Structure formats: C-alpha cells, structure tokens
Amino acid sequence: MPNKVPIQKYFENIKIKTGKTPDEFKKLAIAKGYFENGILKSTVKPAEVIAWLKKDFDLGHGHSLAIYHTFKDPE
C-alpha cells in the first residue's frame with residue numbers, strides 16, 4: 001500500500017508556496033461569492049475551485065483539491 005501524504009503536510013506546502021492558510025483561502029472564496037451564509041454553495045463544483053486556485057495561486061490539482069475539501073468539510 002503506497003504511503004499517503006498527511007493532509008497537514010499539504011497545507012504546510014501550500015502555506016510555503018502561497019503564504020496562505022486554508023482559512024485565508026476560505027475568506028478569499030467567500031469574497032468570490034462561493035459561499036452563502038457560511039456554507040459552500042451547492043452550485044460551486046470542485047473543478048471551478050480547482051481552476052481558480054491553479055490560475056491565481058499556481059497550485060497543483062492535489063493541493064487545490066485539498067483546499068476545496070476544507071470548504072466542504074472544515075473539520
């Protein structure tokens with residue numbers, strides 16, 4: 001079974017690359033209109049968030065997906 005990188009390591013690498021934490025990305029996503037009443041809108045699809053994070057922050061697919069999952073399930 002291959003080793004999986006712990007999610008926290010993803011967040012550490014994202015912080016190194018962008019200077020931002022998942023909470024800071026959430027604030028940016030709220031400003032973009034992805035959230036309503038503190039909840040990710042059901043119309044916002046993973047591909048949309050991933051494309052935004054790739055374009056604006058040069059994150060890879062896996063790192064972008066990790067951030068998206070914090071929007072869906074903040075725990």
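This report describes the overall fold of a predicted protein model and then three of its residues.

Local features need pLDDT of at least 70 and side-chain atom pairs count only at pLDDT 80 or more, while totals for chains, interfaces and linings use all residues. Residues are numbered from 1 along each chain as its sequence is written, and side-chain values use heavy atoms, with hydrogens and water left out.

**Chain as a whole**

The protein chain has 4 helices and 2 strands, arranged along the sequence as α-α-β-β-α-α. Helices (H or I, at least four residues) and strands (E, at least two) are DSSP runs, numbered from the N terminus. The C-alpha atoms fill a box of roughly 40 × 25 × 20 Å along the principal axes. The radius of gyration of the protein chain is 12 Å, which agrees with the value near 11 Å for a compact globule with 75 residues. That radius is taken over C-alpha atoms, and the globule rule is 2.2 Å times the number of residues to the power 0.38.

Of the contacts in the protein chain with a separation of 6 or more, 51% are accounted for by residues 24 or more positions apart; contact means heavy atoms within 4.5 Å. Of the 75 residues, 28% count as buried. Buried means under 20% relative accessible area, exposed over 50%, and partly exposed in between (1.4 Å probe, protein chains only).

**Three residues**

| Residue | Place | Relative accessibility |
|---|---|---|
| Thr18 | helix H1 | 19%, buried |
| Thr21 | loop between helix H1 (7-18) and helix H2 (22-31) | 26%, partly exposed |
| Ser64 | helix H4 (residues 61-72) | 0%, buried |

The side chain of Thr18 has polar atoms placed 2.8 Å from the backbone oxygen of Ile14 and 3.1 Å from the backbone nitrogen of Lys20. A polar contact is a pair of N or O atoms within 3.5 Å; within protein, one must be able to donate a hydrogen and the other to accept it, and residues adjacent in sequence count only if both atoms are side-chain atoms. Apart from neighbours within four places in sequence, Thr18 is in contact with Phe25, Phe57 and Leu59.

Leu59 also appears among the contacts of Ser64, together with Ile50, Leu53 and Lys54, again leaving aside neighbours within four places in sequence. Ser64 counts as buried because its relative accessibility is 0%.

For Thr21, the C-alpha atom is separated by 7.0 Å from that of Phe11, a residue 10 residues apart along the chain.
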